[in-house]
Amino acid sequence: MREVVLYDYWRSSASYRVRIALNMLGIDYKTVSINLLEGEQRKPDYLALNPQGLVPTLVIDGRILTQSLSIIEYLAELRPESGLLPSDIAGRQHVRALAYAIAMDIHPICNMHVVAEVMTLTGKAEAREEWMQHFIADGLRKLEVMLGEFNGAFSFGDAPTMADLCLVPQVYNARRWGVDMTGFKRIVDIDGKCAELPAFQAAHPDRVRS
């Protein structure tokens, strides 16, 4: 396999998901840090790779891949035995629904550029924390109910799937912003089980911070 390169930001939830996936599959990769706080995602060289100016971008098999869930699904199809997506169509739908509930419903409205605009419009520095706590907690409340429909140690069954790759970074963000997690027993239990796995440990922001 040619060199695999991940354009990454250590605290990005989307990048965190892809790091876990690569680790689970045992794919060695080189990391190129894109510092979002310093605006490196807007530099012409990076925009030539990723016109959206977002992270992550993954260069693999001579292809340039963007959008974290699309990247994870590519990896799941590359290595079906990984279990990132279940083998049956109904199982895949359930895992996607859980992953999308996080990556498409919670994450976008809590993204850095969205919250920066909220602070500008309100003129309140404290609006950022209030916004994060409200929308993350609201999303996790709904996710907790969704997760209650399934049995197993993880989000869907007894092995990690794409749903868990989305859940863990979101829990990291929830704790970072001071969200009260006491009402999310299933979410906290799953996060704890994931934290015991080397692929998740190696992908943690504190391990890859640069």
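Which helix gives the most residues to the lining of the largest pocket? Let's work that out together, along with a few other exercises.

This is a predicted model, where local features need pLDDT of at least 70, side-chain atom pairs count only at pLDDT 80 or more, and totals for chains, interfaces and linings use all residues. Residues are numbered from 1 along each chain as its sequence is written, and side-chain values use heavy atoms, with hydrogens and water left out.

**Exercise 1. Describe the largest pocket and find its main contributor.**

Step 1: Fix the terms. On a 1 Å grid over the protein atoms alone, a pocket is an open set of points where a 1.4 Å probe fits, with protein on both sides within 12 Å along at least five of seven lines; lining residues have an atom within 4 Å of a point. A volume is the space filled by probe spheres set on the points, which are joined across faces, edges and corners.

Step 2: Take the volume, which is about 970 Å³ for the largest pocket. The lining has 38 residues, and the closest to the pocket centre are Leu36, His107, Asn111, Met112 and His113.

Step 3: Look at the elements. Helices (H or I, at least four residues) and strands (E, at least two) are DSSP runs, numbered from the N terminus. Those giving two or more residues to this lining include H1 (13-25), H4 (89-106) and H5 (112-122). The top contributor is H5, with 5 residues.

Step 4: Sort by class. Ala, Val, Leu, Ile, Met, Phe, Trp, Tyr, Cys and Pro count as nonpolar, Asp, Glu, Lys and Arg as charged, and the others, Gly among them, as polar. The lining then divides into 20 nonpolar, 13 polar and 5 charged residues.

**Exercise 2. Place His107 in its surroundings.**

Step 1: His107 sits in the loop between H4 and H5.

Step 2: His107 is buried because its relative accessible area is 15% (buried means under 20%, exposed over 50%, partly exposed in between, with a 1.4 Å probe and protein chains only).

Step 3: Its side chain makes a polar contact of 3.0 Å with the side chain of Arg17. A polar contact is a pair of N or O atoms within 3.5 Å; within protein, one must be able to donate a hydrogen and the other to accept it, and residues adjacent in sequence count only if both atoms are side-chain atoms.

Step 4: Beyond four places in sequence, the contacts (heavy atoms within 4.5 Å) of His107 are Ser13, Ala14, Arg17, Ile102 and Gln170.

**Exercise 3. Explain why Cys166 and Cys194 form no disulfide with each other.**

Step 1: A disulfide is a covalent bond between the sulfur atoms of two cysteines. The cut-off here is a pair of cysteine sulfur atoms within 2.5 Å.

Step 2: The closest cysteine sulfur to that of Cys166 belongs to Cys194 and is 11 Å away, so it is too far for a bond. The structure holds 0 disulfides.

Step 3: Cys166 is buried at 1% relative accessible area, and Cys194 is buried at 0%.

**Exercise 4. Trace the second largest pocket to Phe200.**

Step 1: The second largest pocket has a volume of about 150 Å³, and its lining residues include Val168, Cys194 and Phe200. H7 supplies the largest share of this lining, 4 residues.

Step 2: Phe200 lies in helix H9 and counts as buried at 3% relative accessibility.

Step 3: Leaving aside neighbours within four places in sequence, Phe200 is in contact with residues including Leu165, Val168 and Cys194. The C-alpha atoms of Phe200 and Leu165 are 8.4 Å apart, although 35 residues separate the two along the chain.
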